[in-house]
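This report covers helix packing, the nonpolar core and a few buried positions. The structure is shown first.

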Amino acid sequence: MNLNRQYSFWGSLSPLGGLTGIGLLIMASARLSWAITIAGCLFWVYGLTTLSYTFLLSVLSGKFFPEKGRLTLFTVIAAFFGSIYLFLFWILSPFAALEVFVLLLLIPLFCAASGIVRQIQSSSEIVRPETNHDRLQAIRKKRSNDGIQLNIIEHVSDAISQAASLAVLIIAFSIVREPLSYCSLSVPGTYQGMITIMYFKENAFFPISIFASSAGALLLLGYIICLYQYGKGKINPGEYR
């Protein structure tokens, strides 16, 4: 099966299908403000890292871009852009940055483990088949700038779609989890930290504070995953597990 299809929302390697983002989903969904901040970092790191990595791969080619160490280089680039996002967010809201400091440090690792490098590697193997040296040089000379640019746009759009699926899941789960845990909803605020935009009485219809812990979040997530797997079986009955 195509890797792009496997990493789609209903694919077997999606955040809910393969539980690839389960750790980040549990930790970042405790507060809506955390989820929004993490969602922005996901788009920033996934998009800019894939853009930079694919551009370097296209320009430097295989001679100066060896096969070994590509995942390490991708991780370094992701950590660089993650650090920039953390620095900019620290300037805007230092207290809010402290609340999600560890989560922002983990996003480059999730990006490196998301399979983007493997997708780029598989597509480059299709573009550059095994052949003799003269024919390979001729193929490289015929490759136009438009083709390289189109390849970069395709990989960046795939990476952003992965970030979008995980970001939407985190925000949607936090909207359900935070009222059940803290009887409130919050958004990233000014330099003073997050701002509470809605507050419910504790004896109202949101009385279950057990979902504030990771164990309670896993219980709630298990119920959501059961609904997801049921819908996945109805929509894509031919998807093998």
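## Helix packing and core

α3 passes α4 in a right-handed crossing. The model is a predicted one. The axes of α3 and α4 lie 9 Å apart and make an angle of about 140°. That angle makes α3 oblique to α4, because it falls neither over 145 degrees nor in the 65 to 115 range.

On the α3 side, the contact with α4 is made by T37, G40, C41, W44, V45, L48, T49, T50, S52, Y53, L56 and L57. On the α4 side, the residues are R70, F74, I77, A78, F81, G82, I84, Y85, L88 and F89. Sorted by class, this contact has 15 nonpolar, 6 polar and 1 charged residues.

α3 also packs on α6, with axes that come within 10 Å and cross at roughly 40°. Here too α3 is oblique to its partner, α6. The crossing of α3 past α6 is right-handed. From α3, the residues in this contact are T37, I38, C41, L42, V45 and Y46. α6 contributes L103, L104, I107, P108, F110 and C111. By class there are 11 nonpolar residues, 1 polar residue and no charged ones in the contact of α3 with α6.

### The nonpolar core

How many residues does the largest nonpolar core have? It has 44, and those with the most contacts inside it are I38, L42, L104, I107 and I170. At least two core residues come from each of α2 (22-28), α3 (32-60), α4 (70-92), α5 (94-99), α6 (101-112), α7 (116-127), α9 (145-182) and α10 (214-235). α3 supplies the largest share of this core, with 9 residues.

L104 is one of the residues with the most contacts inside the core. Leaving aside neighbours within four places in sequence, L104 is in contact with T37, I38, C41, Y85 and L86.

### Three buried positions

Two of these positions, A30 and R31, lie in the loop between α2 and α3, whereas T49 is placed in helix α3. Their relative accessible areas are listed below.

| Residue | Location | Relative accessible area |
|---|---|---|
| A30 | loop between α2 and α3 | 7% |
| R31 | loop between α2 and α3 | 15% |
| T49 | helix α3 | 0% |

A30 counts as buried because its 7% is under the 20% limit. Not counting residues up to four places away in sequence, A30 touches R177, E178 and Y182. A30 and E178 are 148 residues apart in sequence, while their C-alpha atoms are 5.8 Å apart in space.

R31 is buried as well, at 15%. With residues up to four places away in sequence left out, R31 touches S174, E178, Y182, S184, S186 and M194. E178 and Y182 are thus among the contacts of A30 and among those of R31.

Is T49 buried or exposed? T49 counts as buried, at 0% relative accessibility. T49 belongs to the α3 residues that make the contact with α4. Outside the stretch up to four places away in sequence, T49 touches W44, F74, I77, A78 and F81. The C-alpha atoms of T49 and C111 are separated by 8.7 Å, with these positions 62 residues apart along the chain.

Notes:
Residues are numbered from 1 along each chain as its sequence is written. This is a predicted model: local features need pLDDT of at least 70, side-chain atom pairs count only at pLDDT 80 or more; totals for chains, interfaces and linings use all residues. Side-chain values use heavy atoms; hydrogens and water are left out. A nonpolar core is a set of buried Ala, Val, Leu, Ile, Met, Phe, Trp, Tyr and Cys residues joined through side-chain atoms within 4.5 Å. Buried means under 20% relative accessible area, exposed over 50%, partly exposed in between (1.4 Å probe, protein chains only). Helices (H or I, at least four residues) and strands (E, at least two) are DSSP runs, numbered from the N terminus. Contact means heavy atoms within 4.5 Å. Axes are lines fitted to C-alpha atoms, for helices over the stretch in contact, and angles run from 0 to 180 degrees between N-to-C directions. Angles under 35 degrees count as roughly parallel, over 145 as roughly antiparallel, 65 to 115 as roughly perpendicular and the rest as oblique. A crossing is left-handed if the near helix is turned anticlockwise from the far one by less than a right angle, and right-handed if clockwise. Ala, Val, Leu, Ile, Met, Phe, Trp, Tyr, Cys and Pro count as nonpolar, Asp, Glu, Lys and Arg as charged, and the others, Gly among them, as polar.
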